[in-house]
Amino acid sequence: MSIPVLKFDAVIVGAGGAGLRSAIQLSEAGLKTAVLSKVFPTRSHTVAAQGGVAASLGNSEEDHWTWHMYDTVKGSDWLGDQDAIEFMCKKANEVVVELEHYGMPFDRTDDGKIYQRPFGGHMSNFGEKPVRRSCAAADRTGHAMLHAMYQRNVKANTQFFVEWMALDLIRDEEGHVLGVTAMEMETGQVVIFHARATIFATGGAGRIFYSSTNAFINTGDGLGMAARAGIPLEDMEFWQFHPTGVAGAGVLITEGVRGEGGILRNSSKERFMERYAPNAKDLASRDVVSRAMATEIKEGRGCGVNKDYVLLDITHLDPATIMKRLPGIHEIGIQFAGVDCLKEPLPVVPTCHYQMGGIPTHYSGRVVAPKNGDVNSVVPGFYAGGECACASVHGANRLGTNSLLDLLVFGKSAGDSAVEDLKAGKAHRDLPKDVADKTLARIAALDNRKGGANVHETRLAMQRTMQDHAGVFRFGDMLKQGVEKILEVEKAARQLEIKDKSMAWNTARTEALEMENLIEVAKATMISAEARKESRGAHVRDDAPDTAEFPNGRNDKEWLKHTLFSPVDNTITYKPVNMQPQTVEPVALKTRSY
Amino acid sequence: MDRADYERLRWRCIRRALLELDITLTRFLDGGEFEKLNDDQQQAFVELADMEDYDLWDLVTGKAEIDDPRLAQIVALIRKS
């Protein structure tokens with residue numbers, strides 16, 4: 001079968017913040033650049049980022065990138081690579097000012113500078129007191145950012161392939177990356193994008209969990225493609241959770257609800273936070289509340305048929321206060337829980353929000369993988385940025401407003417590195433003879449299989465397994481069982497069946513292909529989490545508690561290292577954390593406390 | 001609306017930027033509400049689905065209002081679904 005081949009200098013997969021930012025670098029350098037996206041670029045999930053972007057501009061008060069770096073290393077629980085963190089924090093001002101020049105409508109001070117507000121974890125003078133570092137465009141920062149960068153790309157003649165899904169990474173025998181196979185949804189046609197540089201900016205994979213704030217589009221397509229091409233995934237055990245998402249929906253309920261007097265209750269209506277935090281109770285920190293909720297559910301005191309959520313009760317509050325102080329909460333309850341929160345408590349559960357791990361990259365945006373004894377050997381022709389990549393700047397936990405900074409800095413950096421490599425004169429390498437065979441075989445198997453697994457049921461089984469066994473608070477026995485269970489789900493995910501065989505707009509096929517990506521991420525997460533026998537950042541284990549020897553359960557002696565999960569044989573290796581910044585003294589290890 | 005047009009619309013509803021709209025619009029389509037609409041109402045739904053996520057979400061939550069009665073009627077149905 002003859003497959004059309006489209007030739008570009010660079011192909012970028014994903015048109016969210018990181019993809020658009022790298023495309024600007026390539027197109028403005030005069031390189032023929034294609035951007036593939038499952039949706040129109042301004043429908044990417046970057047739109048949902050409201051908080052802002054961190055940069056030590058010092059517009060409102062004194063600030064310095066070294067302070068930002070300190071906060072980021074500390075936030076990462078020392079798992080972030082300090083050379084990459086220095087790079088990001090140093091570059092922050094530059095990428096924010098560039099964005100301003102692209103037309104981004106930042107909020108401003110009276111004298112016309114970019115207005116900056118405080119955000120959790122961002123401090124002045126190495127952790128002394130909060131600092132105003134977040135630059136925002138009202139509560140639509142991500143949305144405004146995407147619009148500004150999309151327009152800049154249109155000006156630079158970036159070629160967009162909208163409603164196309166990338167399917168597989170193309171590698172030759174020597175391991176060079178030569179582009180991707182992709183499917184046009186409107187026709188079902190598979191096409192080869194033959195490129196000298198391939199950049200992944202496919203975002204996160206939060207849909208592996210049953211409760212996730214991520215939009216449905218976050219199916220980890222880049223991670224799935226990388227895994228199928230034999231690239232390991234780094235630090236996949238680290239996922240950030242919010243304590244209160246609407247059970248079954250994932251939509252966030254602001255922490256302000258507890259601030260206004262909301263009470264968490266279990267199946268016997270007990271105010272269980274009194275047992276876990278006798279003083280702060282429901283106002284304890286996010287981590288403490290999440291762990292308490294997870295423990296109640298694990299010990300069988302959850303609510304509902306599956307006993308898999310707890311209740312957030314505000315029925316004792318004055319309805320007028322709720323409507324005034326917590327606008328939107330009533331509507332969220334009705335729309336997503338079918339509950340009038342003035343009369344009944346809301347079902348809530350700790351909810352996945354952000355993926356810290358991903359495709360391993362150097363801070364230049366080049367993808368790295370172990371080869372011939374070098375754990376950071378560059379994979380030629382392959383780059384990644386944003387949530388799908390692991391530079392690693394977020395380490396074991398991410399600071400708010402560093403995600404938008406990540407996609408700007410590493411989107412740009414990946415683009416710059418690709419430009420540099422391409423200008424060095426690399427020609428298109430020959431495509432392997434079997435270039436699209438695996439992709440076509442996957443699609444044919446989906447189309448022809450009879451008696452296979454149902455996509456919806458398999459996805460649900462994966463999400464339940466991840467939520468129950470690798471959620472916000474983890475238990476050794478549950479993780480062990482979780483590994484067995486997710487490997488069972490994987491068997492089903494390899495045998496998916498779809499009823500609709502049509503070519504044009506076959507959303508059943510697209511969702512099945514997404515499922516094949518999700519399962520790679522789920523498996524990497526579960527096995528990596530089971531293997532890491534300490535608590536660090538967002539990975540908190542019941543059997544690695546806070547002790548004098550290991551404060552917060554963190555064990556630097558054994559576990560100050562990055563996980564590399566090999567999807568080929570489900571094995572794990574480790575590589576050292578880079579504790580050596582480029583120009584400043586390292587941020588020395590200490591206990592992380594706020 | 002033919003199959004391809006419907007499936008294109010469905011894709012544009014089940015893959016939004018905001019989770020809130022993913023859930024709300026998927027429910028409207030897969031729950032059978034869309035197929036109850038007449039041709040003109042279906043066209044109005046398509047116009048709403050083409051809107052930017054925050055603009056549409058503000059309509060659905062009542063934070064914003066829309067003058068066009070054709071569209072307002074569909075927004076009310078989405079809210080109820």
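Below is a chat about a predicted model with two chains, A and B.

Colleague: Hi! Before we dig in, what kind of model is this?
Modeller: Hello! This is a predicted model.

Colleague: Good to know. How many helices and strands does chain A have?
Modeller: Chain A has 16 helices and 22 strands. Its radius of gyration is 23 Å, and the globule rule gives 25 Å for 594 residues, so chain A is as compact as a globular protein of that length.

Colleague: And what does the C-alpha trace of chain A span along its principal axes?
Modeller: About 65 × 65 × 50 Å.

Colleague: What percentage of chain A counts as buried?
Modeller: Of its 594 residues, 57% are buried. As for contacts in chain A with a separation of 6 or more, 74% are between residues 24 or more positions apart.

Colleague: Let's talk about the core. How many residues are in the largest nonpolar core?
Modeller: That core has 202 residues. Those with the most contacts inside it include A:Ala10, A:Val11, A:Ala182 and A:Ile359.

Colleague: Which element gives the largest share of this core?
Modeller: Helix 15 of chain A, residues 507-531, with eleven residues.

Colleague: Pick one of those core residues for me. What does A:Val11 touch?
Modeller: Setting aside residues up to four places away in sequence, A:Val11 touches A:Ala34, A:Leu36, A:Gly179, A:Val180, A:Phe193, A:Ala195 and A:Thr198.

Colleague: Nice. Switching topic: where does A:His562 lie?
Modeller: A:His562 is in strand 21 of chain A, which covers residues 561-566.

Colleague: Is A:His562 buried or exposed?
Modeller: Buried, because 21 other C-beta atoms lie within 10 Å, and the cut-off for buried is 20 or more.

Colleague: Which residues is A:His562 in contact with, leaving aside neighbours within four places in sequence?
Modeller: Its contacts are A:Glu234, A:Asp235, A:Ser392, A:Tyr574, A:Lys575 and A:Val577. Taking A:Val577 from that list, the C-alpha atoms of A:His562 and A:Val577 are 6.2 Å apart, with their positions 15 residues apart in sequence.

Colleague: I'd like to hear about A:Ser392 too. What kind of peptide bond joins A:Ala391 and A:Ser392?
Modeller: A cis peptide bond, with omega about -5 degrees. A:Ser392 sits in the loop between strand 18 (389-390) and helix 11 (402-423) of chain A.

Colleague: What about A:Thr401, where is that found?
Modeller: A:Thr401 is also placed in the loop between strand 18 and helix 11 of chain A. Its phi is positive, about 75 degrees, although A:Thr401 is not a glycine. A:Thr401 counts as buried because it has 25 C-beta neighbours inside 10 Å.

Colleague: And A:Asn157, what is its phi?
Modeller: Near 65 degrees, a positive value in a residue other than glycine. A:Asn157 belongs to the loop between helix 4 (141-155) and strand 6 (159-162) of chain A.

Colleague: Is A:Asn157 buried or exposed?
Modeller: Exposed, because just 11 other C-beta atoms are within 10 Å, and 12 or fewer counts as exposed.

Colleague: Over to chain B. How many helices and strands there?
Modeller: Five helices and zero strands. The radius of gyration of chain B is 12 Å, which agrees with the value near 12 Å for a compact globule with 81 residues. Its C-alpha trace spans about 35 × 25 × 20 Å along the principal axes, and 32% of the residues in chain B are buried.

Colleague: How do helix 3 and helix 5 of chain B cross?
Modeller: The axes of helix 3 (residues 39-49) and helix 5 (residues 69-80) of chain B come within 9 Å and cross at roughly 85 degrees. The two helices are therefore roughly perpendicular to each other. Among the residues making this contact are B:Phe45 and B:Leu48 of helix 3 and B:Leu71 and B:Ile74 of helix 5. By class, the contact has six nonpolar, one polar and two charged residues.

Colleague: Last one: how many residues does each chain give to the contact of chain B with chain A?
Modeller: Chain B gives 18 residues and chain A gives 25. On the chain B side, helix 1 (3-14), helix 2 (19-30) and helix 4 (53-60) each give two or more residues. Helix 1 of chain B has the largest share of that side, six residues.

Colleague: And how does that side divide by class?
Modeller: The side of chain B that touches chain A has eight nonpolar, two polar and eight charged residues.

Definitions and conventions. Residues are numbered from 1 along each chain as its sequence is written. Chains are lettered from A and ligands numbered from 1 in the order in which they are written. This is a predicted model: local features need pLDDT of at least 70, side-chain atom pairs count only at pLDDT 80 or more; totals for chains, interfaces and linings use all residues. Helices (H or I, at least four residues) and strands (E, at least two) are DSSP runs, numbered from the N terminus. The radius of gyration is taken over C-alpha atoms; the globule rule is 2.2 Å times the number of residues to the power 0.38. Two residues are in contact if their C-beta atoms, placed from the backbone, lie within 7 Å. Ala, Val, Leu, Ile, Met, Phe, Trp, Tyr, Cys and Pro count as nonpolar, Asp, Glu, Lys and Arg as charged, and the others, Gly among them, as polar. Axes are lines fitted to C-alpha atoms, for helices over the stretch in contact, and angles run from 0 to 180 degrees between N-to-C directions. Angles under 35 degrees count as roughly parallel, over 145 as roughly antiparallel, 65 to 115 as roughly perpendicular and the rest as oblique. A nonpolar core is a set of buried Ala, Val, Leu, Ile, Met, Phe, Trp, Tyr and Cys residues joined through C-beta atoms within 7 Å.
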